[in-house]
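Please find below a colleague's note on the model under discussion. The points are numbered for ease of reply.

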Amino acid sequence: MPQLGAVAVNTNTTHRLSGWGRVPIVPGYEVRSENLDAITRDVPLTRGLGRAYGDAALPAPGDLRVAGSVLADRILAFDSAGGLLTAEAGLSLDELYRALLPKGWFTPVTPGTRFVTVGGMVAADVHGKNHHVDGCFGRHVVSLRLRVADGRIVHCSREEHPDLFLATLGGMGLTGHILDVTFRLARVSSPWIYQEVERVPDIDAYMDALKTSAKSWPMTVGWIDCLSKGASMGRGVLLKGRWAEPHEAKQGFPTLGAQIPVPFMFPNGVLGIPTVKAFNALYYRLPRPHRAVVHPAPYFYPLDVARDWHRVYGPRGFTQYQCVLPASGGHAAVRRFLELVTRGGGASFLCVIKDCGPEGDGMLSFPKEGTSIALDLAMRDDTQRLVDQMNECVIAEGGRIYLAKDALTRPEHFRAMESRLDRFLAVRRTWDPDGRIRSAQSVRLFGW
Ligand SMILES: Cc1cc2nc3c(=O)[nH]c(=O)nc-3n(C[C@H](O)[C@H](O)[C@H](O)COP(=O)(O)OP(=O)(O)OC[C@H]3O[C@@H](n4cnc5c(N)ncnc54)[C@H](O)[C@@H]3O)c2cc1C
């Protein structure tokens, strides 16, 4: 990497950038430095580990450079009595796991991969398996140091510039460059997870089991087979978990193993309907212990076992579609949505269904009380049409989609599902009247 003063320019790229789904791939490159303050002065966007699936972390058309935060990864302060931590935005959850879990601390909310940065967790206001209990990550964020569009560095919190703070939680990097984050960690009873597994025969049973478990388990998530039809439609496997008590925990610390590489790009179409059907049937029937104490990494981050697993989708890439359907629609709404997916041939290895608790205070945060459904869709000629249909269904049900996953939603659909949008855009305009901070996603959805 050639050095430009303190700034390292990442030339390990063919000047193309993409999100995790590799749809779209756009011209662009990252400027990386340990000094995030320096490299965010004149770029339109900051990006973390690139785990947003779509175009949220990509430069807008005409922009090329984005700041890459990953070298700015220091822990700046840690209060080991109260668990308050200040870190640079590029610190990853992987590093936090290694540094703090042995000391009995962990982030109160974690997404399904540990290869995310703290800045990315704030910008997407990520949620985990415990949303019904602990809300999004933003609920635990105390303050932020942010470089705003006019170049100033601003401290914000629920007391100081509260509008800017709340617009930044889930604001997909559009209010400014997050430089440091101060947030509360959670004390864990041991570094191991106590897990219970339940196989459920259809979608109604699945939804009932999800609701019942949410009353007594802090973490719930499940996978359903979105290709099964008729009486077994929505059959699946529900995982319930909590941190194990010291007397239940295994001996020693659950260290992180090496990832299995996926060293080459699979051909397009390997993950067609027949493969997914076979996988789903096998996964459903796989024998599993009903109760067990398990390693937290495969529990929280099952996909991290393989590096570059997105390559199995082939050069055309894939998109992940995630929506939340409000609780008021009940099982019927979830059933209607799944019928649409099955009819539209939305074969997905991963159809993950979880419970969302009440909406948080992040102005564009994704979750609202109801059911979240996420599915991976290999890109095909008709994927845009399927996404349009799913969005129309979500609008009719009063739900919304998750921007961290999105690549294909149309602006009119997003507006129809997001009643908080005008307030968010007003805050954005106050701090950035010339529209300097932008992404490929913001230009696609909001025009700037
Ligand atoms: C396998 C997998 C599982 C996932 N599971 C979940 C899940 O369970 N729950 C969930 O909520 N999400 C989940 N996600 C999505 C992921 O948590 C978010 O997309 C997260 O934002 C990625 O963090 P990142 O550091 O890679 O950010 P990037 O992908 O690089 O960026 C994401 C957004 O954050 C902005 N951003 C990043 N850093 C900064 C900064 N310093 N300042 C300002 N803006 C910034 C970017 O501009 C962009 O808009 C998952 C993703 C994957 C690949």
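The points below take up confidence, domains, the ligand shell, a helix pair and a loop.

1. Basis of the note. This is a predicted model, in which local features need pLDDT of at least 70 and side-chain atom pairs count only at pLDDT 80 or more, whereas totals for chains, interfaces and linings use all residues. Residues are numbered from 1 along each chain as its sequence is written.

2. Confidence. The protein has an average pLDDT (the predictor's confidence in each residue, from 0 to 100) of 93, and 96% of the residues score at least 70. Among the elements (DSSP runs numbered from the N terminus, helices being H or I of at least four residues and strands E of at least two), helix α3 (residues 118–123) has the highest mean pLDDT, 99, and strand β1 (residues 3–4) the lowest, 37. Over residues 1–6 the pLDDT stays under 50, and the model has 11 contacts beyond four places in sequence for this stretch. A contact here is a pair of residues whose C-beta atoms, placed from the backbone, lie within 7 Å.

3. Domains. The domain assignment (bounds from an automatic or database assignment) gives domain 1 (3–68), domain 2 (75–188) and domain 3 (193–410). Taken over C-alpha atoms, the centres of domain 1 and domain 2 are separated by 20 Å. Their contact takes 12 residues from domain 1 and 18 residues from domain 2. The side of domain 1 that touches domain 2 has 6 nonpolar, 3 polar and 3 charged residues. In this classing, Ala, Val, Leu, Ile, Met, Phe, Trp, Tyr, Cys and Pro are nonpolar, Asp, Glu, Lys and Arg charged, and the others, Gly among them, polar.

4. Ligand shell. Of the 32 residues around the ligand (C-beta atom, placed from the backbone, within 6 Å of it), G48, G112, G119, G120 and G173 come nearest. The elements that give two or more residues to this shell are β6 (46–47), α3 and β13 (177–184), and α3 gives the most, with 3 residues. By class, the shell has 16 nonpolar, 14 polar and 2 charged residues. Where does the ligand lie with respect to domain 1 and domain 2? Both domains give residues to the shell, so the ligand lies between them.

5. Helix pair. The axes (lines fitted to C-alpha atoms over the stretch in contact, with angles from 0 to 180 degrees between N-to-C directions) of helix α9 (residues 330–343) and helix α10 (residues 383–397) come within 10 Å and cross at roughly 170°. That makes α9 roughly antiparallel to α10 (angles over 145 degrees). In α9, A333, R336, F337, L340 and V341 meet Q389, M390, C393 and E397 of α10. The residues of this contact divide into 6 nonpolar, 1 polar and 2 charged.

6. Loop geometry. Most residues other than glycine have a negative phi, and most peptide bonds are trans. The loop between β3 (16–18) and β4 (25–27) holds P24, and the peptide bond from V23 to P24 is cis, with omega near 0°. R22 is also found in the loop between β3 and β4; its phi is positive, near 65°.

Methods
Contact = placed C-beta atoms within 7 Å. Parallel < 35°, antiparallel > 145°, perpendicular 65-115°, else oblique.
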